[in-house]
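Student: I'd like a close look at one part of this model, the largest pocket and its surroundings. Could you walk me through what lines it and then work outwards from there?

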Amino acid sequence: MKFWQRQGAALADLLARCWRRLDSNAMLVGTALLLPILSGLVSLSYGQDDNWDLLNYHYYTPYALLNARIGYDLAPSQWQSYFNPTLDLLYYGLQQVCRPQMVGFLMGWLHGLNAVLVLAIARLALPTASHRLAAVLLALAGCLQPGFLSGVGNSMGDNLTALFVLGALLLLLRGWARLQQGGQPGLRVALLAGLVIGIGTGLKLTNAIHALAMCLAMVAVLPLPFWRRLQQPFVFGLGVLGGIALSAGHWYWRMWQVFGNPLFPQFNNYFQAPLASPLGIGDTGWLPQGWAEKVFWPFFFYLMPNSISEIKFSLVIWPVLYVLAFALAWVKARPAVLRLPATTPLRGEVRFLFAFAVLVYLLWLHLFSIYRYLIPLELLAPLLLWLLLEGLAPRLASSGGAVAAVVLLTLAAVPPGDWGHAGWDQQAFRAEVPALAAPRDNLVFTVHGDPPMSWLIPSFPRELAFVSLGSGFPESAAYRERVAAMLAARRGPYYVMLHTSYKEAPRSLLPRLVLGRYGLRMAPEQCVEYAAAVGKNRHDYMLCPVYLRQRN
């Protein structure tokens, strides 16, 4: 037994010496440079992005903005046709000037900058300067979380806008001493942080939950008299509005000018834009049902990951976080029960980080419950888990055991799911298109939302107009009148664009039914198939002539 004790002590001493040697500023700098590059290489290994949202609107909407097609086409990407395309200009622009592989690497590198921000946040949140290696490992663990890792290099925008959320959080943590003191320095910190996350919110509106959570967390945690405590959150809110104006103001104004609703077609129950039904559009199918699911939601979605995502993830870290958060709250509320050193007060930065995380989760739970919208919090999850362990068992945390436990828990989630990829090819998007004699006289309809078709539109002549029918957009009487007016303004011929899978029964029935509601009929015997591909994935389609029904 003494032999094994000596061997164990020697191994522990070796690990401690290795930890101290690696725990250096050089390690921090090297990691900050290396992780984005590794993220770019991960993106390259995945292949060409071929996710559903890209084919539906991430590729079409920036093309539409740059080619004056707002109001020219009619909802070819369903209701997502009118999402702010500013963020997608980056991916679309890169595709015009770079090889597909370079686009994949650059997008992955940009997403990898999240690791640098998590690393910087961890350095501020960890209690001592000797936790440099712990910060590195926790940042790496954050980037190995399944939601973030599944989206590395793709065009969906969740990883990219996480940079703005984490950047604003870092600014608040770095300026925490000035925020606590109040006055002009604190107000400047709050304004700048609000501006940063406001830009991210304008680019992707779902980030509003993170902006609101930061604002409320400042109100809850700042150690100032109540009225002085409200000053920084108020200025932060002004910064958020300014950031939204910078990144989305041009789009909201355009939507107001063209359609009469700055968020068209969302919230049309308030704005009453004529081209859409007066409905408040939102994807509420993912929300938990009943109090039991709401209270125990992390356990539900760990056991049933498809309840919060279209693809399956291993989400084991969330139930663990949930349990430890309640345990720490109980210990803090009843410090005499366990008599642990952890009952000493948490530092202001850590309390703010915890308050932010709890508020983000609660807002997400009640508004979306879609896992992709929780990516910034997912990136911070390993750090939050370590801080909870440090609050409950300081000796375990200081020994490095907590970091090891967090990293092992993270590895249980690897590999992540896949949103859709293809093999690399010379071109990212290819489509064979027919030669049209007078495209200004033609009109092309789409009649199914799945698979999406609008990614093909940039390959066609610009004079050609596209209209979706019965594909998810909340059509109104005015919408149907607009379709009739477009038919009257163009002599034809008219076509319906279908995925080739719709030539098989019973799927072939859907296009006929949808077209029939508009007084149109399809000639399936005259359909012509054309080749199309994203990377090396084939997405062939067909064009079928469409005729106006003869009226008796």
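Tutor: Here is a walk through the pocket, then the residues and loops that go with it. Keep in mind that this is a predicted model.

The largest pocket has a volume of about 1200 Å³. Its lining counts 46 residues, and those closest to the centre are Trp-79, Phe-83, Thr-206, Gln-266 and Tyr-373. Sorted by class, that lining holds 27 nonpolar, 13 polar and six charged residues. Several helices take part: H3, H11 (183–203), H12 (208–221), H14 (231–259) and H15 (268–271) each put in at least two residues. H3 has the largest share of the lining, with four residues.

Since H3 gives that share, let's stop there. H3 covers residues 52–58, and Asn-56 is part of it. Is Asn-56 buried or exposed? Its relative accessible area is 1%, and the cut-off for buried is under 20%, so Asn-56 is buried. What does its side chain pair with? The side chain of Asn-56 makes a polar contact with that of Gln-78, at 3.2 Å. Leaving aside residues up to four places away in sequence, Asn-56 touches Ser-77, Gln-78, Gln-80, Pro-452 and Ser-454.

Now follow that contact over to Gln-78, which sits in the loop between helix H4 (60–66) and helix H5 (88–97). Gln-78 comes out at 10% relative accessibility, so this partner counts as buried too. Its backbone deserves a look as well: phi of Gln-78 is near 60 degrees, a positive value in a residue other than glycine. Most residues other than glycine have a negative phi, and most peptide bonds are trans.

For another positive phi, go to Gln-272, where the value is again near 60 degrees and the residue is again not glycine. Gln-272 is in the loop between H15 and helix H16 (290–295), and H15 is one of the helices that supply lining residues to the largest pocket. As for burial, Gln-272 has 48% relative accessibility, so it counts as partly exposed.

Pro-452, one of the residues that Asn-56 touches, brings us to another backbone feature. The peptide bond from Asp-450 to Pro-451 is cis, with omega near 0 degrees. Pro-451 belongs to the loop between strand E4 (443–446) and strand E5 (465–468). There is also a cis peptide bond between Gly-492 and Pro-493, with omega about 5 degrees. That proline, Pro-493, is in the loop between helix H24 (477–489) and strand E6 (494–499).

To put the lining in context, look at the second largest pocket, whose volume is about 590 Å³. It has 19 lining residues, and Leu-321, Ala-325, Phe-326, Phe-354 and Val-358 are the closest to its centre. Helices H18 (317–333), H20 (348–367) and H21 (375–392) are the elements that give it two or more residues. H18 gives the most, eight residues. By class, this lining has 18 nonpolar residues, no polar ones and one charged.

How values were computed
Residues numbered from 1 in each chain as written. Predicted model: local features only at pLDDT ≥ 70, side-chain atom pairs only at ≥ 80, totals over all residues. Heavy atoms only, no water. Buried < 20%, exposed > 50% of the residue type's maximum accessible area, 1.4 Å probe, protein only. Polar contact = N/O pair within 3.5 Å; in protein donor to acceptor, adjacent residues only side chain to side chain. Contact = heavy atoms within 4.5 Å. 1 Å grid on protein atoms, 1.4 Å probe; cavity = no way out; pocket = protein on both sides within 12 Å on 5 of 7 lines; lining within 4 Å. Points joined across faces, edges and corners; volume = space filled by probe spheres on them. Nonpolar A, V, L, I, M, F, W, Y, C, P; charged D, E, K, R; others polar.
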